Amino acid sequence: MKAEKKQKKSTKRDSSFGLIIYKSTVGDRIFNAVNIFLFAVFMIICVFPFYYLFINTISDNELVNRGMITFIPKGIHLSNYKALLNISDLGKSFIVTISRTILGTALMVAVSGFAGYIVTKQHMWKRKLWYRMIVITMYFNAGLIPWYLNMLMLGLTNSFWAYIIPGIVAPYNIILVKTYVESISQELEESALLDGATTMQVFTKIIWPLSKPILATIAIFGAVGNWNSFQDSLLLMNSNPGLYTLQHRLYIYLNQATSISSEIDAAMVDRIAAGMLSNRIIKYSISMVTVIPILCVYPFMQRYFVKGIMLGAVKG
Amino acid sequence: MENSAKTTLSRPLKPFNVIYWFQRSLILFSIVTLFLPSFNPGRIVDKISKYCSIFTAAVSFENLTSKIGQGFTKEWVTEGTFRLVQFSSMALILGIVVCCIGGCMSLGNNRMRIRGIIFPISGAIIMLGGMFGVHTAYGRVTAELIASGKEKKLGIRTEDGSFYFMLVLAIAILVLSIILLIGELKCEKEQKMEMLERYKLFLYMLPILLVAFIFSYLPLWGWRYAFFDYKAGADLTMDTFVGFKWFKFLFESEVTRNDIFRVLKNTLAMSGLGILTSWFPIAFAIFLSEIRSTGFRKTVQILTTIPNFISWVLVYAIAFSLFSTEGFVNDVIEQITGVAANTNYLQNDSLSWLKMLLWGTWKGLGWSAIVYIAAISGVDQSLYEAAMVDGAGRFKRMVHITVPALVPTYCVMLMLSIANILSNGMEQYLVFSNAINKDTLEVLDLYVYNLGIGGGQIPLSTVVSMAKSLISVTLLFVANNVSKLIRGESII
């Protein structure tokens, strides 16, 4: 018993690499300390900006305007976020962005799931050709202006559908699903087909439930992409500001050098005049509103993205 | 399994299978014409936008009549005429969709095919109805314009090539279908309609392929604008073919030539810096894996990947909060020195390239390292143990075991970034650019945007887009072949 324990101890593996720990020299310790220090600094650099934005939106506005809030929040209140409710454009953009995120992601996941399954079927007529035709679009495109002219030609400018329809077929996600479906045992599918199930039934009853992990992964990436979308709004919604996405709206506010007061109602203008609110605080608060949803779903997506990126490294 | 096990079903006989292919191709082509403005028969006056395809005319009355507004208010023409065009376009779409159903059914067995022939026949008749509607609209609008004496204002037209083309298309589908109906009636019919599994699977795939075609391949049609003359503000036309005028203009005009060189310098500098620093994620992954505490490693990974998931606009918002006149840096300087500091570090063109690189690194480093971290955890542990037994120190183990394990992944990433040397994306540079730093920030993608959308120079920016796409795809092929040659593996 004792000997066994001893052996266990001597071969105790480092949780990361299974290295047998012999001893650490002074050089090792210095290296470790420097290493940990550098990573800690980079971590802080990554997180501090978000923290800084946040404390400046919840601290006492007068202190913020005097530039007194740098590390510690003082005089916490939430009235700035309430004040944002008075900016009607922001509300519209919020609704547009949420709807495109939900609708666009749902359709993209459904289509990628189905297409990813269908392209694994060996006896499809000219399967390789169709699959390549979809994959090539990842590497080759006609360019920005031809794409814009195409959208113009399709009548998809200044229309909500411009956000949804082009994103339905996502080649990269189709490849991810295809790779995943190929790893599912073929026997399940074959036995279902022998029992008289149709291709559609196999898809809805077997493949779809079994590929939930990969579907969740692409759903999360799709949702983040939709939420962050800016370019399509900038290019296509010229004459319909009601359809600007949140990111586009934020971009416009950030670039308004002097004041946002033309966009907001009289009550807020008064508050700005009284020094209670400032453009800086409004800009920070809008930024926070835009980033908070990402930070909220972030813990959930965390466990999916390693899987996603590893599957992606496998070629289509 | 019954269906897929069967490899043969009754097929059309000798002359008819050719006719079927002909008919299906016509139907497929007619779908494409729905989205191509040059095939729109319903441009009854010149003032209808030249971007207006049958599809656009059917779904959006606003788009159809975007330039006719004055014509309605001053009662030169009636709204009814244009509604007629819209309904006719809808009829054309409906007809083509119905034809499609027939085209799909023609892949089945005898019974299915014969049942299916009724669809292209009725579809073609609906299309002809639509064409009649367009013809009536031509007549009405001409009469109205002559009555009001404003022929010149809206630009009177008579039925042109696209009208007769669609007419011929519809008639051809109708005639072919009738021939098929007569020819096929004789053949033996099965008990039920069936289709081979391989065609069924293809039909499931077809809608997805169509969407991919419309949004990824159809834009190539826009390349033709690079060869036609254009005046800013006017409609894009294909009236005057100018050959390679815009290609030459790009280098003959002093202004654009200088622009191109400046933009290329920026693009190559930023991509070059990116490639030079492409080993950062590897270093990140290796040094991270040297940390023993799992908890700390996980925390680092979680926190450093956050910036990857926010948009460039938000990155700019953060830059704004830290470095603008009222930002964090100025506040801290003020608090320490007691002197008012009001420097706007964003309105500054020194070291732009480096700053962009740093923002890119801030956003992407943690994320790009993930793939290497995963690769490191896949290395066979006994290698490390054996190396330790042989007396290899920490750095020797890194250099001789970890690094070689990462090289294949790194090669793929490097090749891809070389292939993408001209595509930096425009969002980052757009959000960070302002009047002061715009000369050093403008990369090719942003230049195309500024030139085409901002400046309205459609043909010129199409030329640049086109050249960029062609060069990029060539680079990708070269990189792929180099990779095949060196590593025996392709990257795409």
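Of the 316 residues in chain A, 38% are buried, where a residue counts as buried if 20 or more other C-beta atoms lie within 10 Å of its own, as exposed if 12 or fewer do, and as partly exposed in between, with C-beta atoms placed from the backbone. This is a predicted model, in which local features need pLDDT of at least 70 and side-chain atom pairs count only at pLDDT 80 or more, while totals for chains, interfaces and linings use all residues. Residues are numbered from 1 along each chain as its sequence is written, and chains are lettered from A and ligands numbered from 1 in the order in which they are written.

Chain A has 16 helices and zero strands; helices (H or I, at least four residues) and strands (E, at least two) are DSSP runs, numbered from the N terminus. Among the contacts in chain A with a separation of 6 or more, 72% join residues 24 or more positions apart, two residues being in contact if their C-beta atoms, placed from the backbone, lie within 7 Å.

Both chains have a domain assignment, and the bounds, which come from an automatic or database domain assignment, are tabulated here.

| Chain | Domain 1 | Domain 2 |
|---|---|---|
| Chain A | residues 2–77 | residues 81–313 |
| Chain B | residues 2–227 | residues 246–487 |

In chain A, the contact between the domains takes nine residues from domain 1 and 10 residues from domain 2. On the domain 1 side, α2 and α3 (61–65) of chain A each supply at least two residues, and α2(A) gives the most, with five residues. By class, that side of domain 1 of chain A has four nonpolar, four polar and one charged residues, with Ala, Val, Leu, Ile, Met, Phe, Trp, Tyr, Cys and Pro counted as nonpolar, Asp, Glu, Lys and Arg as charged, and the others, Gly among them, as polar. In chain B, the centres of domain 1 and domain 2, taken over C-alpha atoms, are separated by 47 Å, and the contact takes four residues from domain 1 and six residues from domain 2.

Between the chains, 89 residues of chain B are in contact with 76 residues of chain A. Helix α10 (residues 197–217) of chain B provides the largest share of the chain B side, 14 residues, and that side has 56 nonpolar, 20 polar and 13 charged residues.

One pairing across the chains involves α2(A) and helix α15 (residues 312–323) of chain B, whose axes come within 10 Å and cross at roughly 70°; axes are lines fitted to C-alpha atoms, for helices over the stretch in contact, and angles run from 0 to 180 degrees between N-to-C directions. That crossing makes α2(A) roughly perpendicular to α15(B), a label for angles of 65 to 115 degrees, whereas those under 35 count as roughly parallel, those over 145 as roughly antiparallel and the rest as oblique. A:Pro49, A:Tyr52 and A:Leu53 of α2(A) make the contact with B:Ile318, B:Ser321 and B:Leu322 of α15(B).

Helix α13 (residues 280–289) of chain B has as its buried residues B:Pro281, B:Ile282, B:Phe284, B:Ala285 and B:Leu288. They lie on the same side of α13(B) because they cover an arc of only 160° around the axis, the arc being that of the directions from the helix axis to the C-beta atoms. Their cover includes α2 (26–58) of chain A together with α14 (294–305), α17 (352–377) and α19 (394–419) of chain B.
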